[in-house]
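Hi everyone, thanks for coming. I'd like to walk you through one model today, so let me put it up on the screen.

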Amino acid sequence: MRHLTAEALARLVDGTPGPEEREHLRSCTGCAAELEALREQTEALASLPEIRPPAGDWSELESRLRSEGLIRDGHPRRIRPGSRFASRRWLQAAAAVILFFGGTGLGAMAAPHLGVPASTDAGAVGSNAAGSGSPTTVEASLDGVRTPEEAADLVRSLEQRYVDALVRYRQLQSGSDGHAGGSGDPASRYAALETLVAASQAAIREAPADPFLNGVLASTMAERQATLTRISETGGNDWY
Amino acid sequence: MQDASSTDRAMTESDLIRRACDGDGSAIRELYERYAPRVFAVVRRIAADDDTAQDYAQEAWIRAFRALPTFRGDARFSTWLHRIAVNSALQGVRKACTREKRRVPMPESVPVDPRLGDPLLQDRLEEALDRLPDGMREVLILHDVEGYTHEEIGEMLGVATGTSKSQLFKARAKMRDMLRTDDPSAQAGGMEACAT
């Protein structure tokens, strides 16, 4: 009998030989050795190791998951493309709220009311949360929305910026970023929250039943109340 | 005292999945840490290089977390995830139309817990795998490396079971040929020893 072909031997790695093949393998040391080598090759392939992803893979993935709304720490809600949240009215209302967080920063919002300059911390809020979050940019983004998918993308982007801003706000409030002063001042914070409550209420007038905006308003009012309580507990010593 | 990370490790997979469905970043991170090397390994072998593999792997993770609320636990999570990773990589390759053949040594990524005693053999296997034609390589990876059946492979690749088998046998033979050619010591003996 002629030698077994390479493909026949490859089949016999985990297949059953026919009578002629079995007979040949018994008498041909070359084919038997080749089959054994193929079996070792197959075992070696099954033992190839797992491979650790490149450094930075998680960071990149995490930011993508956040931008997709799949990581929603402290903000458990997801917006799906085509949902009613992707309406232009909602976008405008959401943008109005987000701009107060991200466009100018809390300190800058407080400044006109209190006659104090915007703090560096507030600048950090703006840069962290808003990126290009000026009113002009957001308006331009709204004008560029042509399809429900684009609208949904913008909603997700705005929502993420809101979440980032809120996280930053909490960091500033707790002083966990290592900065001192600035928006850590309860009076400035209260003034900023007061403005934010007004902005949220204005946005809700546009979309009264929107759960996201109502959530923003509720949490902002709670923050405002907590800040007021702190101020009253310190006997107003932190006022100017 | 038990710290947060050990608590996470002790957490059952179903708890992690439930929390990940709710958008809990630490649960998502824990699932990633558990399975990232396995996901990356399969997409890296299907892809041409580390960068492309990373794109495919990230796409797989995003698809998996999007679809996580639909995961019913009929299969093991690792099996479900692995299937998504394979499909993402295969779709990525199809989308790219032709896989640019590059002799990129495997890989910049670091192998985890090498099971092969001989690192040189591992390198030679990975290199030979990379040199196989696309169809053969995919079938060989899915069958001999990842352990899928021909029926599953046929479903994933959209080919008949018989096609999967014939590609596998060709791929094994070609691999063997490449490895023998690359290793002079393996060329001595072999078929020449056959008397018939």
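Let's start with a question: leaving aside residues up to four places away in sequence, which residues does B:Ala85 touch? The answer is B:Val39, B:Val42, B:Val43, B:Ala57 and B:Ala60. Do keep in mind that this is a predicted model.

That little neighbourhood belongs to a bigger picture. The largest nonpolar core has 58 residues, and B:Ala85 is among those touching the most other members, along with B:Val39, B:Val43, B:Ala57, B:Ala60 and B:Ala89. The top contributor to this core is helix α3 of chain B, residues 25-46, which supplies 11 residues. A separate core of 7 residues lies apart from that one, and its members include A:Tyr190, A:Ala192, A:Leu193 and A:Ala199. As background, nonpolar side chains tend to be buried together in soluble globular proteins.

Now, over to chain A. Here we have 11 helices and 1 strand, and three helices come before the strand in sequence order. Of its 240 residues, 37% count as buried.

How far can we trust chain A? Its mean pLDDT is 68, with 48% of residues at 70 or more. Confidence is highest in helix α1, residues 6-12, at a mean of 96, and lowest in helix α7, residues 120-130, at 34. Across residues 102-136 of chain A, pLDDT stays under 50, although the model has 77 contacts beyond four places in sequence for them. Residues 176-183 of chain A are also below 50. Where pLDDT is low, please don't read the predicted coordinates in detail.

Thanks, all!

Definitions and conventions: Residues numbered from 1 in each chain as written. Chains lettered and ligands numbered in written order. Predicted model: local features only at pLDDT ≥ 70, side-chain atom pairs only at ≥ 80, totals over all residues. Helix = DSSP H or I, 4+ residues; strand = E, 2+ residues; numbered from the N terminus. Buried ≥ 20, exposed ≤ 12 C-beta atoms within 10 Å, placed from the backbone. pLDDT = per-residue confidence, 0-100. Contact = placed C-beta atoms within 7 Å. Core = buried A, V, L, I, M, F, W, Y, C linked by C-beta atoms within 7 Å.
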